[in-house]
Amino acid sequence: LSRLRRTEPSLRSFIHVADAAAEREAEELDRRIASGEKDAVGPLAGVPVGVKDNLCTANMPSTGGSRILDGYRPAYDATVVRRLREAGAIVVGKTNLDEFGMGSTTEGSAFQVTTNPWDNSRVPGGSSGGSASAVSARQCIVSLGSDTGGSVRQPASFCGVVGLKPTYGRVSRFGLMAYASSLDVVGCFGSSVFDTATILSVVAGHDKMDSTSSSQVVPDYASELVSLDLLESKPLAGVRIGIIQETLGEGVANGVISSIKGAASHLEQLGSLVEEVSLPSFSLGLPAYYILASSEASSNLSRYDGIRYGRQVSADDLNELYGESRANGLGHEVKMRILMGTYALSAGYYDAYYKRAQQVRTLVKESFKDALERYDILISPAAPSAAYKIGEKTNDPLAMYAGDIMTVNVNLAGLPALVVPCGFVEGGPAGLPVGLQMIGSPFCEGNLLRVGHIFE
Ligand code: GLN
């Protein structure tokens, strides 16, 4: 907590720091351990965690980065938060994000701009920028984020930490504020693959409160890593890896390309087979994603009507109440997404946009499935560049959207993906980190973590 307090003024990773509650919980844990309670020491006992502020936390502010939820204190914990607490973790605070997860820089928060620990004049990425910067600066040991189109993986890459987007359905979404429900997943950040694997085992698994959560057994991901023989000369022998050709071309920074190529040859030295693979539908994913995500958002966000949650306004009639609440409570980017979504869903345009985007989604899914029959893991950069300057893309939303090209297809296909730091490019006082994205078949998080751990 003292490190968090010392670093927070320059980083602003947290919307809410739970100092007092965290200290109380730590003391309570000490007391239970001292009195010999045998279940006092869970797998995460005393581990400080950060939780993205679009995850509900009982009796703690949960704003989703939006003014419209200013003052909202949910009555319950999201399932993932409840599981963390039951494992002994201590929630040290709620991390900053782009409003409702819509953005790639965390500048879209209604409250503050988070900075990148590697260079405070740069963005930490987004939308889970607070969770990534907090782990990167060791303000907490691990953190939770959410990933609808890259919001765990891109900030992990920008901040030089490990980020995991699980398979759709691997982790419960109960208590996660919905952005685009068919794409949203809760993801994990850690400063090592081992830490990330440890929290995944805690938060994953079926939840009766989320009908899309899977009942597949959750492996003990971290102990699987302990049994690996890292001294073996070719620990990745037999692993087939495909580099996605379309991700190393135009628009991708040279330093990023060379870091990924360096990572590929490292994977080869470790014994794996590395080949280039083409996914022709790759570039179609981005426009399809923005149509589908905005469409789902326009429906999901209708719940913020000014009555049920958060901020109260006074008005003479119902229409005025909706209007006042939403006009002042929602930010510019969110309004833009609602407009795009309602447009794409409207009767005259549905076939041309929404339906077509769904068809593209099927195409993307099939091309990944096909490639993952030939390769165990597909690799690409996690983002086309390293962290850029605060303000650089604020007036150019299309440039910001284009930065999501590497990650959105994975959500359209519902696949798991792990980002691990793999190099540096020039910039900032000490260089800027670059992340390698590894994509696997559904529910093969274990494979990704194994390869990531050996790679690391
Ligand atoms: N940047 C993407 C968007 O704005 C992804 C965000 C996310 O994964 N939550 O939609």
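Which residue has a backbone N or O atom 2.9 Å from an oxygen atom of the ligand? The tour of this predicted model begins with that residue.

**First stop: the contacts of the ligand.** Select the ligand together with Gly103: a backbone N or O atom of Gly103 lies 2.9 Å from a ligand oxygen atom. Add Tyr179 to the selection next. One of the polar side-chain atoms of Tyr179 is found 2.6 Å from an oxygen atom of the ligand. Then display Arg337, where a polar side-chain atom lies 2.9 Å from an oxygen atom of the ligand. With the protein surface switched on, the ligand disappears from view: taken alone it exposes 290 Å², and the protein buries 100% of that.

**Second stop: the shell.** Expand the selection to the 15 residues around the ligand, among which Thr148, Gly149, Ser151, Tyr179 and Tyr289 come nearest. Coloured by residue class, this shell divides into 4 nonpolar, 8 polar and 3 charged residues.

**Third stop: the cavity.** Hide the ligand and consider the space that it takes, which is the largest cavity. The structure holds 1 cavity of 30 Å³ or more, and the volume of the largest cavity is about 100 Å³. Its lining comprises 15 residues; select Gly103, Ser104, Ser151, Tyr289 and Asp404 to see those closest to the cavity centre. The lining as a whole divides into 4 nonpolar, 9 polar and 2 charged residues.

**Last view.** Return to Gly103, which has its backbone contact with the ligand and is also among the lining residues closest to the centre of the largest cavity.

Note on methods
Residues are numbered from 1 along each chain as its sequence is written. This is a predicted model: local features need pLDDT of at least 70, side-chain atom pairs count only at pLDDT 80 or more; totals for chains, interfaces and linings use all residues. Side-chain values use heavy atoms; hydrogens and water are left out. A residue is near a molecule or strand if one of its heavy atoms lies within 4 Å of it. A polar contact is a pair of N or O atoms within 3.5 Å; within protein, one must be able to donate a hydrogen and the other to accept it, and residues adjacent in sequence count only if both atoms are side-chain atoms. Accessible areas come from the Shrake-Rupley method with a 1.4 Å probe; for residues, only the protein chains shown count as cover. On a 1 Å grid over the protein atoms alone, a cavity is a set of points where a 1.4 Å probe fits but cannot get out, and a pocket is an open set with protein on both sides within 12 Å along at least five of seven lines; lining residues have an atom within 4 Å of a point. A molecule sits in a cavity or pocket if more than half of its atoms lie within 2 Å of its grid points. Ala, Val, Leu, Ile, Met, Phe, Trp, Tyr, Cys and Pro count as nonpolar, Asp, Glu, Lys and Arg as charged, and the others, Gly among them, as polar. Grid points are joined across faces, edges and corners, and a volume is the space filled by probe spheres set on the points.
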